[in-house]
Amino acid sequence: MATSKHDVVIVGGGAAGISTAASLLHRRPKLDIAIVEPAETHYYQPGWTLVGAGVFDRASTARPMQSVMPAGVAWIKRRVTEFAPGQNEVVLDNGDRAGYRMLVAAPGLKLDWDGIEGLRATLGKNGVTSNYNFDTAPYTWELVQNLRSGRAIFTQPAMPIKCAGAPQKAMYLSCDHWFRQGRIKDIQVEFDLVGLALFGVAAYVPALMEYVKKYGVALNFGTRLTKVDGPGRRAWFEVPKDGGAKEIVERSFDMIHVCPPQTAPDCVRKSPLANAAGWIEVNEQSLQHVRYPNVFALGDACSASNAKTAAAVRKQAPTVAVNLLRVLDGQTPEAAYDGYGSCPLTVERGKIVLAEFGYGGKLLPTFPKWLLEGTRPTSLAWFLKASVLPSVYWKLMLRGHEWLASPAIRTSAPVDAKPAVKGP
Ligand code: FAD
């Protein structure tokens, strides 16, 4: 039996949860919405790459959660432990149950620090760092500044991960510093990645390869970090051998930047909402759940095959807002998300290759080519990332102002045939 009931319950007050609440209220100001979110702080995670390069101060990427909660929303400061879509309820960590007519599931993803043996114990010291963590991103910059010679390793786990370009962004910006300081010739740089391509969309690879060559980076494809010994400055990798077999090799390092393996959150993976891989199973266009029509999901936790980025959320949130309200009103979804995501690849301080693409790797540039050529490094893209996008995030996206993100409405046929639902 639900302890409280709302028209809409949103799980997660991250980029996706807050933007969706704001977009819903923008359309229907009196809607009864509750956001379930245990954290007191909201982070602008895209800023952490620049924290790790000494460009942003880490404090600028964090704000009190209360300050981003849209006015009129009920904030339930709890963690969801279980989804019960059959009962139209979520179970909270104190045993309470929150009931809903419509659910938006946006709890992000789980960074699996324990997926690499020894990592958690040494992260943030002994030359072991990660920009995937608010606390350790400044340590990346400290290590980069102090390294004068030796081996610097950058790792990337299996996809999907949030901001697939972030592991190599950390590498390029570190190399750029060593290049400018005249130290790069004394530093052996390695990029160890599980995948078999430098970047998932081929159009951006040539520009990236120019920087790989410039910095003298050794690319080790099909290579997975399995264990780290910080005090001993050693790391172990599973690497491919001829004939498809694998072997474990040990390497020493002076600094290592680790991107941890990533999965759907535990409460999602074990829930009826999950697909076989653990992600919340949605229709890729409407973002409506494929089995529970009164459930929508977006952001890193959903199964849609777009790049898991805040840029994707910027376009997903209005789509969910439109479709959710239609279903609440007894209609079918009509807005369609095209898979847009963006990855500003910071190849050097002051220049970015602005990857923007949708489903199937289709290039979806926001700006005309004459203004910003996305497949080449540009200063304009750096200006956008460092000076414009943080404000777009805090002042527009989280407040329901859908700048360059109007949902595409299909007028001919509904994007999803799921019948409308009546609430409990
Ligand atoms: P999050 O923003 O992570 O929010 C999830 C929220 O859910 C959190 O507040 C969490 O506390 C809450 N939560 C978790 N579990 C529960 C639960 N059980 N119950 C209730 N609440 C829960 N994106 C870009 O667009 N451009 C970039 O350049 C970029 N660079 C990045 C660099 C780094 C280093 C990182 C880490 C990310 C980067 N991203 C970038 C990705 C972007 O930050 C994420 O894709 C985006 O934040 C996803 O939004 P979300 O709401 O799904 O998840």
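A residue is called buried here when its relative accessible area is under 20%, exposed when it is over 50%, and partly exposed in between, with a 1.4 Å probe and protein chains only. By that criterion Tyr 211 is buried, at a relative accessible area of 7%. The structure is a predicted model, in which local features need pLDDT of at least 70 and side-chain atom pairs count only at pLDDT 80 or more, while totals for chains, interfaces and linings use all residues. Residues are numbered from 1 along each chain as its sequence is written, and side-chain values use heavy atoms, with hydrogens and water left out.

The overall fold is a good place to start. The protein chain comprises 10 helices and 24 strands, where helices (H or I, at least four residues) and strands (E, at least two) are DSSP runs numbered from the N terminus. Its radius of gyration, 22 Å, is close to the 22 Å that the globule rule gives for 424 residues, so the chain is as compact as a globular protein of that length. This radius is taken over C-alpha atoms, and the globule rule is 2.2 Å times the number of residues to the power 0.38. Along the principal axes, the C-alpha atoms fill a box of roughly 65 × 50 × 45 Å. Of the 424 residues in the chain, 57% are buried.

Attention now turns to the ligand. It is surrounded by 33 residues, and the closest are Ala 16, Glu 37, Val 80, Asp 300 and Ala 311; a residue counts as near a molecule or strand if one of its heavy atoms lies within 4 Å of it. By residue class, this shell divides into 17 nonpolar, 9 polar and 7 charged members. In this scheme Ala, Val, Leu, Ile, Met, Phe, Trp, Tyr, Cys and Pro are nonpolar, Asp, Glu, Lys and Arg are charged, and the others, Gly among them, are polar. At least three residues of the shell come from each of domain 1 (3–109 + 264–338 + 403–409) and domain 2 (114–261), with the bounds taken from an automatic or database domain assignment.

Backbone atoms also come up to the ligand's oxygen atoms. A ligand oxygen lies 2.8 Å from a polar backbone atom of Ala 311, another such distance is 3.2 Å, to a polar backbone atom of Ala 15, and for Thr 309 the corresponding value is 3.5 Å. A polar contact is a pair of N or O atoms within 3.5 Å; within protein, one must be able to donate a hydrogen and the other to accept it, and residues adjacent in sequence count only if both atoms are side-chain atoms. The protein covers 91% of the 1,000 Å² of accessible area that the ligand has on its own, as computed by the Shrake-Rupley method with a 1.4 Å probe, where for residues only the protein chains shown count as cover. The elements giving two or more residues to the shell are α1 (15–27), α6 (166–180) and α9 (310–328).

Several backbone details deserve a look. The peptide bond from Met 159 to Pro 160 is cis, with omega near 0°, and Pro 160 sits in the loop between β11 (150–156) and α6. Arg 233, in the loop between β14 (224–229) and β15 (234–240), is not a glycine yet has a positive phi, near 55°. This arginine is partly exposed, with a relative accessible area of 32%. Leu 287 likewise has a positive phi, of about 65°, although it is not a glycine. Leu 287 belongs to the loop between α8 (266–269) and β19 (295–297) and is buried, at 0% relative accessibility.

Individual side chains and distances complete the picture. Arg 251, in strand β16 (residues 246–252), is buried at a relative accessible area of 17%, and its side chain makes a polar contact of 3.0 Å with that of Asp 192. Tyr 211 itself is placed in helix α7 (residues 205–215); its C-alpha atom is 8.5 Å from that of Glu 348, although the two residues are 137 apart in sequence. Val 228 in strand β14 is buried, with a relative accessible area of 5%. The C-alpha atoms of Val 228 and Asp 300 are separated by 27 Å, with their positions 72 residues apart along the chain. Glu 142, in helix α5 (residues 137–146), is partly exposed at 44% relative accessible area. The C-alpha distance from Glu 142 to Ala 301 is 32 Å, at a sequence separation of 159 residues.
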